[in-house]
Structures are given as C-alpha cells and as structure tokens.
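Work through the exercises below with the sequence and the 3D structure at hand. Try each task before reading its solution.

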Amino acid sequence: MNIKLAENIYYVGVNDRRTELFENHMELPNGVSYNSYLIVDEHIALIDPVEPEFMAQYISQIKRIIGDRKVDYLIVNHDEPDHSGSVGAVLREWPEVTVVGNAKTFAPLENFYGPIANKKIVAEGETLSLGGHTLQFFMAPMCHWPESMATYEQTSKIIFSNDAFGGFGALNGGIFDDEVNLEYYEADMRRYYANIVGKVAMMALKTIQKVSTLEIKMIAPSHGLIWRSNLQWVIDRYTAWSKHEAKEGVVIVYGSMYGNTGRMADIVARGVAEAGVKEIKVYDVSKTEESFIFSDIWQYKGVILGACSHYGSIFPNMVGLLHEIGEYKPQNKVFGLFGGASWSGGGLKTLKENAEKNNWNIVGEPIEVKGAPIREEDVEKLYKLGVEIGNIVKS
Ligand code: FEO
C-alpha cells in the first residue's frame, strides 16, 4: 500500500503516538506525524526525513517503493531534529546522496550529525530538475528556524512547506484533509501554531504571502494533514493566527496551592459570564500543561491571570506561562490580574511586574486578596473585574 500525492510522489511519513512530550515539553495526547515525501523520477528525491526513533521503519518504507534504486537527493527544508534526525540513517543507507539545503542549512546540520560529503546549496527561487519533476526552493527564514525553507514541485504544483501549515495529531488513516473531520484537528493545529510558530508569527505571515503568489494544488507540510481540497481553510486559519486576530472569549489562568486563588478565579469567571461572554476557559496552571493554555491565550481576546504568593514572589508553576507570554507576545489582548496573599504577598506583585515589562493592556485595578475570598468587598472587586473584562471582550 503506497500513499500517492500525485504521479510518482509518495507519502513516506510516520506516526508517533509514543512520545509523551514534543520538544520534551508539550504534551501529545493525540500524537504527531513526521511527514516525509518521496519523488521517484530519473533522479529520486526525498523531502524532509523523520524523527530518528523511526529511522528503520522510514528506510524500509522508502525501499519498498524504490527497491534497489538509490536516493539521489535529500531535501532538508529544516534542520530541527524532529525532521533532520534521520539524515544520518539516509546517508548510511545511500552514502552517495546529495543533501540539498540553503546557505544556512549546513552549519547546524553538520554540528548535529558530522560532516556531510555531498552538499548542494540552493538559493531563493533556484530549481533542481529530477527529470519529469522540477523542484523550486523558497526561503522561509524563522518559520521556524533561520534556515527554514519550502520546496515547490512545479509539475504537480505541490508545496512542501515543512513546519508551516503543520499541526499536532497523528494521522489516523486519513492523510488528506478531505478524508477527515477537520474539526478534530483544529485545536491541535492551533496549539502547534501558538507554541511553535507563534513567536515568529510575522515570519509565518511572510511565508504565507510568499507562497500565495504560486499556483498551489496541494500543501504538504511536515506535520499533520496534507491539504488538497480545503487549502483556503488552512490558509485562513494560519493567516488569522499570524495576524493575532482575537476571538470573543476569555481565558482565566490561576495558580493556587490550597484552592483560595482558584475560588477567586471562579468569582471572576462568573462576572465574565454575566457580561455575556460564552467562551470562557478556566485553567489551573498546575493541572493543565502550558501549551494548551497558551493556545487559548492566543485565540481569545481576554486574558485574566491570578496567582498566589510563594516566599514573597509568585507561585512557581505560573513562571513558565509568564515566560511564554512575555517571549511570544500575543497581541490584541486585554489583561486582568489578581493574586492571593498569605503571610507574604508577591503573586500579584510579580504579575504586575510582568505586565509592566511586557506592556500588557491591563483593564481594571489589579486585586490582591488576603487569605480566602470571604469578605464581601473582595468578592465584589473580583466579580467586577470579570464583568469589566467581559464587557470589553463583548464590545
Ligand atoms: Fe517540526 Fe521546527 O520542526
């Protein structure tokens, strides 16, 4: 059973349902795919290998299609080891293969895997003929690393976009967009986008704009679905996420040791709901892995953060999320802040420091509650903060 994208162009990717943490920090409840493509022509080209754990399966899939023929070119669109990890396996299997990358590809690649004997450096727009098929290369710097690029096959009009237009989620039999329910993949695509490409959203947008000048019949990324029937669906979403378009909704994230700051979050959430907002997500930062929370922060307009104190500073489990918000800089947000204090304050103080440092658009007065939210004035302030943010989000 060979999976064809077009005549003599095959899918040779693998599914990973075993790895628990992508990049060793993002959970993968639905797995992930490492997509690779094989073009069989007068010359044979492989486009982007796979994660090294799968190299034996990967090589065997390729050999099943090409038999005793050799791979002539290995196109490395991106050096990150989830793709390039099997470069060594390909070189061992077909030692004469020419590795194709751009001017920024080979220094990191050789730092990972040692010297590469046969290299071909391609520039923007350059072509490489395989016989009946012609590859054309387009640089996509910082989408996701400096050397990232995309490869366009001129005959079939397929763009091999690597990380761009990718998503989490193993491919469960359906490889193409028209073989699955897209809603199943959407949240995992947004989580992938926000946490991996979000920091370089502007570069992702530039890549989208660049490839949209080409005639494209299929988008074949290196993770997730291959797009042949719903190209506009994925382009629209990637464009909206890259432009930081914010939906009507509020994310409330709290860090709480004994549940008191969690109680505050519930009061704030009630205020948001009474303002008429229907999409409200409340997360305990100790319970839900950060990439899920950040994915919702990316998509919604309202972000309310609450944290208890810890030795005069903030509850430790909030620190990673604050770092990600500070580094990735999601835009078009309104923020609200609250904190809990016991023998020391510090939770709210740290949130305010982050707000100042990152120029967050803070709505309302940040609220610090001593102990539990049992005093009427504290309950009132928390509730009003929710209403205020809810009203702005609605407007
Ligand atoms: Fe899928 Fe940036 O590697």
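## Exercise 1: helix H9 and its partner

Eight of the 10 residues of H9 are buried, so this helix is largely enclosed by the rest of the structure. Buried means under 20% relative accessible area, exposed means over 50%, and partly exposed lies in between (1.4 Å probe, protein chains only). Helices (H or I, at least four residues) and strands (E, at least two) are DSSP runs, numbered from the N terminus. This is a predicted model, in which local features need pLDDT of at least 70 and side-chain atom pairs count only at pLDDT 80 or more, while totals for chains, interfaces and linings use all residues. Residues are numbered from 1 along each chain as its sequence is written, and side-chain values use heavy atoms, with hydrogens and water left out.

**Task.** Which residues of H9 are buried, and at what angle do H5 and H9 pack?

**Solution.**
Step 1. The buried residues of H9 are Ser291, Ile293, Phe294, Ser295, Asp296, Ile297, Trp298 and Gln299.
Step 2. Two packed helices are described by the angle between their axes and the distance between the axes. Here the axes are lines fitted to C-alpha atoms, for helices over the stretch in contact, and angles run from 0 to 180 degrees between N-to-C directions.
Step 3. H5 and H9 (residues 290-299) pack at about 90°, and their axes are 8 Å apart.
Step 4. H5 and H9 are therefore roughly perpendicular to each other. The classes are roughly parallel for angles under 35 degrees, roughly antiparallel over 145, roughly perpendicular from 65 to 115, and oblique for the rest.
Step 5. On the H5 side the contact (heavy atoms within 4.5 Å) is made by Ala187, Arg190, Arg191, Tyr193, Ala194 and Asn195, and on the H9 side by Ser291, Phe292, Phe294, Ser295, Asp296, Trp298 and Gln299.
Step 6. Sorted by class, the contact of H5 with H9 has six nonpolar, four polar and three charged residues. Ala, Val, Leu, Ile, Met, Phe, Trp, Tyr, Cys and Pro count as nonpolar, Asp, Glu, Lys and Arg as charged, and the others, Gly among them, as polar.

## Exercise 2: helices H8 and H12

**Task.** At what angle do the axes of H8 and H12 cross, and which residues does Val268 contact beyond its neighbours within four places in sequence?

**Solution.**
Step 1. The axes of H8 (residues 260-274) and H12 (residues 376-394) come within 7 Å and cross at roughly 40°.
Step 2. That angle makes H8 oblique to H12.
Step 3. The contact is made by Met264, Ile267, Val268, Arg270, Gly271, Val272 and Glu274 of H8, together with Val379, Leu382, Tyr383, Gly386, Val387 and Gly390 of H12.
Step 4. The residues of this contact of H8 with H12 divide into eight nonpolar, three polar and two charged.
Step 5. Val268 lies in H8 and is buried, with a relative accessible area of 0%.
Step 6. Leaving aside neighbours within four places in sequence, Val268 is in contact with Ile252, Ile304, Phe338, Leu382 and Gly386.
Step 7. Val268 and Val387 are 119 residues apart in sequence, and 7.7 Å apart in space from C-alpha to C-alpha.

## Exercise 3: aromatic pairs

**Task.** How many aromatic pairs are there, and is the pair of Phe335 and Trp360 stacked or edge-to-face?

**Solution.**
Step 1. Rings of Phe, Tyr and Trp (its six-membered ring) pair if their centres lie within 6.5 Å; planes under 30 degrees apart count as stacked, over 60 as edge-to-face and the rest as tilted.
Step 2. By this rule the count comes to 17 aromatic pairs.
Step 3. One of them is the tilted pair of Tyr193 and Trp241, at 5.7 Å centre to centre and 45° between the planes.
Step 4. Tyr193 lies in H5 (residues 182-197) and Trp241 in H7, so the pair ties together parts that are 48 residues apart in sequence. Tyr193 and Trp241 are both buried.
Step 5. The ring centres of Phe335 and Trp360 are 4.4 Å apart and the planes are at 10°, so this pair is stacked.
Step 6. Phe335 is in strand E21 (residues 334-341) and Trp360 in the loop between H11 and E22, so the pair ties together parts that are 25 residues apart in sequence.
Step 7. Phe335 is buried at 2% relative accessible area, and Trp360 is buried at 11%.
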